[in-house]
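Here are a few exercises to help you find your way around a new structure. Grab a viewer and try each one before reading its solution.

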Amino acid sequence: MRIGLMGLDTSHSEIFTRLLNDTSDPSHLEAGRITHALPIFSKDLPISRDRFPYYKNIVENKYKVKIVEDIDVFMRSVDAVLLATVDGRNHLSWLKNIVRYKKPIFIDKPIVMSSKEMKTVMELSENHQTPIMSSSSLRYAQSIKNIDSSGFISAYIYGPLPQQTAMPGYFWYGIHLIEMIVTLFGTDIQMVKKEKFDEKYELLTLSYSDSRQVILRGDYDWHNRFGGVIHYKDRAETFELWQDERPYYANLLAEIVKFFNTGLSPVPLVETAKIIKIIEQINMLGGTEGQRDRFLIPARDPII
């Protein structure tokens, strides 16, 4: 399978290419190969602009991926697409350029920046009969996959929550934490309350319709320590994703390649839409006086 890569401005572009193209990598996947790349980045976003030359050089020269400037040539040269540019503000506009080719598309996080844009993504997928998938890599971390969370009473989930003005609040890195929670406990979140907010971290309480609760801690300084504690009636279970033997990116990529082959996303777009809605609501919660400190989701709110 020939896979096209859109965006060379993030570590994901190097990771995905290495896992597919480097046969010596311990987690190498043989199901496909990144053959072409569209070298896009955002001039007004430092994390995109400043990293582009570095990752373009690796993908082009180390892994021998052909750089293509023309979208039509690019799309006709590949069987599936990884839309992996770091700037979620531009994902919808790039999708509009490629969805008509009817080739399966994976869109890296954040898929888009609003529920309104998400609705357009779903309409484009349906109207063009083009399968679309989006997911955090943490959804497929081995530690997460090994957990049976049925019967949980409460949980504590933690991880990094660095901020980007262009992708505010939980859109950029917080989406990983939200996807962990949704993967483990579902989307039936009825209320979120901000418990603590200072210069180092914040705490949220997410309440489900059956009164079970999840406490989320997000640290503003970046680190790789995603994990949690799940409490059951007679026991507690701890997990630490950074201790997993197999990289969660490899697990995600295996699911993506399977999706490319079948056209069936393991993460329904309606679930992704709910995640975007939850993030929007969380971002409305203030950390200063006069701002809202909680939101309620009406029982009949479709949350999309």
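The three exercises below all work with a predicted model.

**Exercise 1.** Work out which residues of helix α5 (residues 91-98) are buried, and why they end up on the same side of α5.

*Solution.* Start by picking out the buried residues in α5: H91, L92, L95 and I98. Next, look down the axis: these residues span an arc of only 130 degrees around it, so they sit on the same side of α5. Finally, check what lies over them. The cover includes two helices, α4 (71-76) and α6 (115-128). It also includes the strands β1 (2-6), β4 (80-83), β5 (105-107) and β6 (132-133).

**Exercise 2.** Take L95 and find what it touches, then place it in the largest nonpolar core.

*Solution.* Leave out residues up to four places away in sequence, and L95 touches L83, I105, I107, V121, L124 and I132. Now zoom out: the largest nonpolar core has 100 residues, and L95 is among those with the most contacts inside it, along with L82, I157, I178, F185, I230 and F239. As for who supplies this core, helix α9 (residues 248-262) gives the largest share, nine residues.

**Exercise 3.** Is S207 buried or exposed? Find its polar partner too.

*Solution.* First locate S207 in strand β9 (residues 201-208). Its relative accessible area is 9%. Buried means under 20%, so S207 counts as buried. Then list its contacts, again skipping residues up to four places away in sequence: D188, I189, Q190, M191, R212 and Q213. With Q213 there's a side-chain to side-chain polar contact of 3.1 Å.

Definitions and conventions:
Residues numbered from 1 in each chain as written. Predicted model: local features only at pLDDT ≥ 70, side-chain atom pairs only at ≥ 80, totals over all residues. Heavy atoms only, no water. Buried < 20%, exposed > 50% of the residue type's maximum accessible area, 1.4 Å probe, protein only. Helix = DSSP H or I, 4+ residues; strand = E, 2+ residues; numbered from the N terminus. Arc of directions from axis to C-beta. Contact = heavy atoms within 4.5 Å. Core = buried A, V, L, I, M, F, W, Y, C linked by side-chain atoms within 4.5 Å. Polar contact = N/O pair within 3.5 Å; in protein donor to acceptor, adjacent residues only side chain to side chain.
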